[in-house]
Structures are given as C-alpha cells and as structure tokens.
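Subject: Model for your files

Hello,

Here is the structure I said I would pass on. Please look it over before reading the notes below it.

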Amino acid sequence: TDIYSLGVVMFQLLTGRLPFEASNQFNLIYQVMHDAPPTPSSLRSMLPPALDTIVGKAMAKDRDNRYQNWEDFSHDLAEAVRDR
C-alpha cells in the first residue's frame, strides 16, 4: 500500500489534483477499486511518458502488477530522470 500511496502522491504532485474525485466516500472508494486513473500526461501534456508508466505501475489495481519493492521503483524513476 505504501507504493500505491506514493503513486497517488506523485500523481497529485505532477498534475495538481488527485487521481480520483467524487462527491462522497462511497463513490470515491468505488472509483479507486474499479476505475483506472487518468494518466498524468492527459492532464499535463508536457510530462514524459515514462512518468505515466511509473505512476500507473505504482497505482496498479492488481498488487502483482505493482512495483514489488522500492529498489525497482527508484530504479525506474532514476532512469526516467536520467533520460530527460
């Protein structure tokens, strides 16, 4: 859950908004459980695609598709910054 949470924080830092917005807690939880978040670049076109991939993997619904450890997460993030 920590990696998922960091994905949400990254999304908010990159876009200025949360990945899910709803009028009540029930709808918010439903969105988190069932809907895919928008990609950060769909809200800020100047962001590199690598950040979409990193945030998307960090926020994957299926835990098996998320980063399994911080080393992999930090490696991909470092590569994205290095390539920029």
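The notes cover the core, one helix and the aromatic residues.

This is a predicted model, in which local features need pLDDT of at least 70 and side-chain atom pairs count only at pLDDT 80 or more, while totals for chains, interfaces and linings use all residues. Residues are numbered from 1 along each chain as its sequence is written, and side-chain values use heavy atoms, with hydrogens and water left out.

The largest nonpolar core (buried Ala, Val, Leu, Ile, Met, Phe, Trp, Tyr and Cys joined through side-chain atoms within 4.5 Å) has 16 residues. Buried means under 20% relative accessible area, exposed over 50%, partly exposed in between (1.4 Å probe, protein chains only). Among the members touching the most others are Ile54, Tyr67 and Phe73. Helix H1 (2–15) gives the largest share, 6 residues; helices are DSSP runs of H or I, at least four residues, numbered from the N terminus.

In H4, Leu51, Asp52, Ile54, Val55 and Ala58 are buried. Beyond four places in sequence, Ile54 is in contact (heavy atoms within 4.5 Å) with Met10, Tyr67, Phe73, Asp76, Leu77 and Ala80.

Tyr67, Trp70 and Phe73 form one aromatic cluster. Rings of Phe, Tyr and Trp (its six-membered ring) pair if their centres lie within 6.5 Å; planes under 30 degrees apart are stacked, over 60 edge-to-face, the rest tilted. The Tyr67 and Phe73 rings are edge-to-face, because their centres are 5.0 Å apart and their planes at 75°. Trp70 and Phe73 are also edge-to-face, at 6.0 Å and 75°. Phe73 is buried at 3% relative accessible area, whereas Trp70, at 43%, is partly exposed.

Regards

Conventions:
Helix = DSSP H or I, 4+ residues; strand = E, 2+ residues; numbered from the N terminus.
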